[in-house]
Amino acid sequence: MQIEGSVVVITGAGSGIGRALAAAFATAGASVVAADIDAQAAAQTAAGIGERAVGVGVDAATVDGIATLLDTARSAFGPVDIFVANAGIIGAPELGSDADWDRVLEVNLRAHIRAADALIPEWTARGRGYFVSVASAAGLLTQIGAAGYAVTKHAAVGFAEWLAITHGDNGIGVTVVCPMGVATPLLEAITDSADATARVAAASITTAGAVLSAEDVAAATLDGVSADRFLVLPHPGVLDMYRGKGADYDRWIAGMRRYQRALQASSTTTD
């Protein structure tokens with residue numbers, strides 16, 4: 001996929017990985033629509049880039065929000081070439097409520113489906129287009145302490161797989177990005193949470209490997225898109241973990257239980 005001269009929409013671009021992606025795509029020569037539910041944050045991201053970017057405050061989990069983003073891109077720069085579904089939330093600790101599940105499913109999964117549904121006909125007619133799903137290593141492994149996050153990130157990876165298989169022959173590329181710990185407001189929020197389960201969830205991320213910068217993840221993502229590579233792993237060690245999981249599922253689950261017990265014991269001692 002040629003990034004220079006392309007039109008890119010990025011959701012969740014007000015901070016963290018989304019903001020770093022917006023800057024990286026712009027530096028590579030793309031025009032960027034930076035979207036965020038926080039309109040001021042989206043505007044700040046765009047202002048930091050300059051004239052090749054516009055910021056839009058929308059809820060990208062909604063059909064209307066996605067339509068607004070695509071219309072804004074067409075008006076400002078032209079048809080969308082690359083859509084980056086980056087917006088995500090951790091969701092509630094443990095199982096959460098019905099309302100918690102509704103929201104985490106909307107943001108972490110249905111937003112991807114709705115964006116693809118809006119773009120696939122246009123991309124198929126043009127014979128090209130690119131969908132980037134920013135998922136998580138939790139989508140290949142799991143997330144201790146947060147069922148909604150674990151399940152929706154698995155689903156996001158599954159949807160990206162389906163998209164790549166179903167529409168790859170139509171000229172549509174797909175990349176799914178699965179980092180572990182990244183220094184973002186999301187990780188900071190659960191690390192500092194008053195909820196003990198949320199703090200254990202954070203510890204499971206920060207102790208599993210290096211905590212990368214958002215810029216590291218953005219650079220890895222652009223490399224993956226440029227190479228038309230499906231799976232991008234900013235933490236290379238995730239591949240070994242994933243292989244170990246598939247090689248012996250029962251052993252992997254037993255190991256994750258031990259890891260969870262150790263984290264819980266450490267949290268109790270600290271408290």
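This is a short talk about a cavity and some aromatic rings in one protein structure.

Okay, hi everyone. Before anything else, please keep in mind that what you see above is a predicted model.

Let's start with empty space. Rolling a probe the size of a water molecule over the atoms shows where empty space is left. So how many cavities of 30 Å³ or more does the count come to? The count comes to 1. The volume of the largest cavity is about 40 Å³.

Who lines that space? If you want to click along, the lining of the largest cavity is G91, A92, E94, L95, G96, D100, W101, V104 and G148. Helix α4, which runs over residues 98-126, gives the largest share of that lining, with 3 residues. Sorted by character, the lining has 4 nonpolar, 3 polar and 2 charged residues.

Right, on to the rings. A pair of aromatic rings is described by the distance of the centres and the angle of the planes. In this model the count is 4 aromatic pairs, and I'll walk you through two of them.

Take F83 and F131. Stacked or edge-to-face? Their ring centres are 6.0 Å apart and their planes sit at 15°, so we call the pair stacked. Angles under 30 degrees count as stacked, which is the cut-off being used there. Now look at where these two come from: F83 is in strand β4 (residues 82-85), while F131 is in strand β5 (residues 129-134), so this pair ties together parts that are 48 residues apart in sequence. And are they buried or exposed? F83 is buried, at 1% relative accessibility, and F131 is buried too, with a relative accessible area of 1%.

The other pair on my list is Y249 and W252. Here the centres are 6.1 Å apart but the planes are at 75°, so this pair is edge-to-face. Both residues belong to helix α10 (residues 249-270), and because they are 3 residues apart, about one helical turn separates them. Y249 is partly exposed, with a relative accessible area of 47%, whereas W252 counts as buried at 16%. Buried means under 20%, so 16% makes it in.

W252 has another partner as well. Which residue puts its charged end over the ring of W252? That's K245, and its charged end is 4.7 Å from the ring centre.

One last thing, back at the stacked pair. F83 and F131 join F159 and W162 in one aromatic cluster. Try finding those four on the screen.

That's me done, thanks!

Terms used:
Residues are numbered from 1 along each chain as its sequence is written. This is a predicted model: local features need pLDDT of at least 70, side-chain atom pairs count only at pLDDT 80 or more; totals for chains, interfaces and linings use all residues. Side-chain values use heavy atoms; hydrogens and water are left out. On a 1 Å grid over the protein atoms alone, a cavity is a set of points where a 1.4 Å probe fits but cannot get out, and a pocket is an open set with protein on both sides within 12 Å along at least five of seven lines; lining residues have an atom within 4 Å of a point. Grid points are joined across faces, edges and corners, and a volume is the space filled by probe spheres set on the points. Helices (H or I, at least four residues) and strands (E, at least two) are DSSP runs, numbered from the N terminus. Ala, Val, Leu, Ile, Met, Phe, Trp, Tyr, Cys and Pro count as nonpolar, Asp, Glu, Lys and Arg as charged, and the others, Gly among them, as polar. Rings of Phe, Tyr and Trp (its six-membered ring) pair if their centres lie within 6.5 Å; planes under 30 degrees apart count as stacked, over 60 as edge-to-face and the rest as tilted. Buried means under 20% relative accessible area, exposed over 50%, partly exposed in between (1.4 Å probe, protein chains only). A charge sits over a ring if NZ of Lys or CZ of Arg is within 6 Å of the ring centre and within 35 degrees of the ring normal.
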